[in-house]
Amino acid sequence: MKRLWVAVATLALITTPGAAKRDRDRDEPEEKSEKAGDKDTSDEKSEKSGSKASKLALNKDPYPSTYKAFPGRPTAVTNVTVFDGEGGKFERATVLFRDGKVEKIDTGGGAPDGYDKVDGTGKWLTPGIIDIHSHLGNYPTPGVDAHSDGNEATGPVRSEVWAEHSVWPQDPGFSRALANGGVTALQILPGSANLFGGRSVTLKNVYARTAQGMKFPGAPYGLKMACGENPKRVYGSRNQMPATRMGNMAVNRQTWIRAADYKRKIDKGDTVLRDLQLETLAGVLAGEISVQNHCYRADEMAVVIDMAKEFGYKVSTFHHAVESYKIADLLKAEGICSAMWADWYGFKMESYDAVEENIALVHNAGACAIVHSDDANGIQRLNQEAAKALAAGRRMGFIVPDEVAWTWLSHNPAKALGIGDRTGSLKPGKMADIVLWNGYPFSVYTRPDKVWVDGALMFDAQDRTRRPVSDFELGQPGEGDVK
Amino acid sequence: MRALLNSILPISLEMGRRTAARRRGGGGADATVSCPSTIRRLRVERSPSQSHARWGGWVAVVALLTATPALAQSVAITGGKVVIGDGTAPIEGGTVVIVNGRVTAAGRGVAIPAGLPRVDAAGKWVTPGIVAGFSRLGLAGVDAVDPSNDTSAANSPFNAAIDVAPAVNPDIQPIAISRVAGVTRAIVSPSASNAIFGGMGAAIDTGADANPVSTARLFQFVQFGEGGARRAGGSRPALYAMFRNALTEAREAVAGVYRDNAMLRRVDAQALIPVVNGTMRLAIHVEGATDIRAVLALKREFPALNIVLVGATEGWRVANEIAASGIPVIASAMKDLPASFEQIASTQSNIGRMKAAGVKVSIGMVDDDDTRQAQYAMQYAGNMVALTRVPGASGLTWDQAFAAITSGPAEAMGIGGDIGSLRAGRRGDVVIWDGDPLELATSAEKVWIDGVQQPLSSRQTRLRQRYAKPEEGALPKAYER
């Protein structure tokens, strides 16, 4: 710890925002060859980049995913109604998947030979739901103090922490999200006490003995940032900076200036002591790490958008975003997603202007809309939250087909997480992350019947042996119950 | 569920919103005790035209929000699919008759008195207004804004004597939002602060008028389980000792005895007199099976106590014993996580299993966005129906589920003769829905409270209209309304 701070102190140089922008522009093409999550070893990396990028043999994936898809069987779900996740709908279709991948959606025939047949009559089939905002694992249940691992609230800039180092893979919440919610992938974020909360991690919703065993292979890292009330309250109440929204911005900007300087040195090939805090931020400036920004108010989102331009990075998604409807045109123009609740409001001042039509208004304006949970209960009903948002939009006269609304639950979050090429829809070749619902999935009366992850059957309402029970619940009252 | 967590940490995540209220100071208590004329006024029958002078500008503001005069009305709602709300099956082509603010008849073949205004509800559902079974609705405008939050009073020297009625504020957003959603009544409870007793709760309506309280001092609230143990000094044995001591001091108060070394202040002891003699219900918030058994034992020890169990997340494990006791339960519907060690065995099947065992169980918002999301009652009830299609799970039939958010909580609180169903004599709280009221896409089309048709707008509907197109027009948004 002390060593890190020494490193920061030696880097306390001033560089102009303009210079930072130029640095980024110049270096971007080279940086693109080294996406975060790349499986390259550090040796290979230093060979590739040679002396040009850095003398530091930087392993960008030191806690690599050990997730392995469980074995599945070639499966044909027949006579089923399908939302493909990208806005397509198929009636009386057969969905084929094998070897962990979607093969095709067939509207012509039944189950071919060699496939296990699942009768989908009266049922719906969709891509698995992806929750872009979860704290399962880092705020697990039971919510005892000893489990409170989501906010490193010891300083407003804590980009050096990585959420995966807090994830407890025995959180019972993962099983509920799977069995009741049909969630197949999720992003675990640090909390919002800090301006820079740390790195997020994207998980497959499959239990493992280690957090690495749950990590979505090759998923890029995200950086959690937070606007507004939380950081200024946490630090202001300690008589520290930031205590105001302008303080938030000043600390943000000063931090980006430090990050730009760190990146410039690395790119130049200077020898520097690695600084985990600035390393993550440099990853953002290099376009390798996406920014996941907690922000409620429209005016604050607009300020963040300008800050991102000032320092040459891009915001992937505004989280919570209860006022996105006020600037949906701006968000569309900037290509920024909004991850939203259907109807949370009024719990704090910056949520005062929430409206039930937020998601539909954002969608209707042509901007990217995502339904998120931020909640171990809400994650079990994201389809219901989408249904409420959809109904609110329709009451305003917006024509949003059901199958298009499903993009809010899988394709849009997958894209915002940088995994949209691998999951989030039923395009052939994508991961067979699939939910079979026992009815119309926007009905309150509907529940998951089966959930496959990478083509492996991980939940089956008809089969108690396909219901995961975390270590915590083993041997306790209620073990293995329907929940 | 994160009370413990948040008492340590300023923000855990955005769910910290739920506990911000609990961390707040006691500023609101001053407002509730310093205005006795307000207390009296809230208990009288609706008479909004009276005492304008005393109410000053507040009445004027409410009057502006009130589209219809707050006078009891008479109406016949015809042709709809009528749900009585008492657990009986819906009636196609039914009629609901309200005369002078009360239901006089509902069902098929109902005679409509001559001259009654008629509203056609053909193709619609007609039901009693939804009752938020256990809530803090009306006590907080914005949870985390302390001056607008009267749910608890951490720095008050009082506890059992705290009475929420004069604090219930019909001007705050959650009231209008609940009304727009079809929630017409709520059981409103204080939170326990620095003592196990939280004070006296009320039944309220969500009408657009200045008289929200329909029954003040309806019940006393006490916190048991983990939260009670903490407030009692750190353990459950300490909690039970404190509870017994309180009952003892209340009994002494009946006899007019107030000791100098008593733990309860005089008004707190007095407030517990109707509890010890059984004329006021005692809502006990308790979650774990062991703690529920302890409550059942207390009932045997103090048979006069008129207990309602609130929470009861592990109630299914002691369902037969609860049923035998006859004690009603207002439970959380959707809890299924081991959020704390008193909820290890939680499951969404809790309510269904208790119902099957014969427990009088209904649905409440127990520590679940209880200041503002009363409208989740319909969604939760719908989920109880969904469970009937999940192998191994227990849920409710549609009729049972609807009763669990209307007559169920009303009966648990002893006001089933006044609200919660369309049986004759109940208040004229009626909603016309554009579909199955438990479905997610359904909305309330018309709402009556005490026979008065209600405006269905809120700050949210105004904001939505202003930003239907986000771009600014000829003038800034501030000019669009």
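Two residues are in contact if their C-beta atoms, placed from the backbone, lie within 7 Å of each other. The model is predicted, and local features therein need pLDDT of at least 70, side-chain atom pairs count only at pLDDT 80 or more, and totals for chains, interfaces and linings use all residues. Residues are numbered from 1 along each chain as its sequence is written, and chains are lettered from A in the order in which they are written.

**View 1. Surroundings of Ala381(B).** Apart from neighbours within four places in sequence, Ala381(B) has contacts that include Ile363(B), Phe402(B) and Leu438(B).

**View 2. An open sheet in chain B.** Eight strands (DSSP runs of E, at least two residues, numbered from the N terminus) form an open sheet with mixed pairing, in the order E6-E7-E8-E9-E10-E11-E12-E13, where two strands pair if DSSP finds at least two bridges between them. Strand E6 (130-135) and strand E13 (361-363) of chain B stand at the edges with a single partner strand each, so one side of each is left without a neighbour in the sheet.

**View 3. Two parallel strands.** Strand E10 (residues 281-286) and strand E11 (residues 307-311) of chain B run parallel and are joined by five bridges; Ala283(B) has Val308(B) as its bridge partner in E11(B).

**View 4. The side of chain B that touches chain A.** The contact takes 64 residues from chain A and 57 residues from chain B. On the side of chain B, H15(B), a helix (a DSSP run of H or I, at least four residues), gives the most, with five residues.
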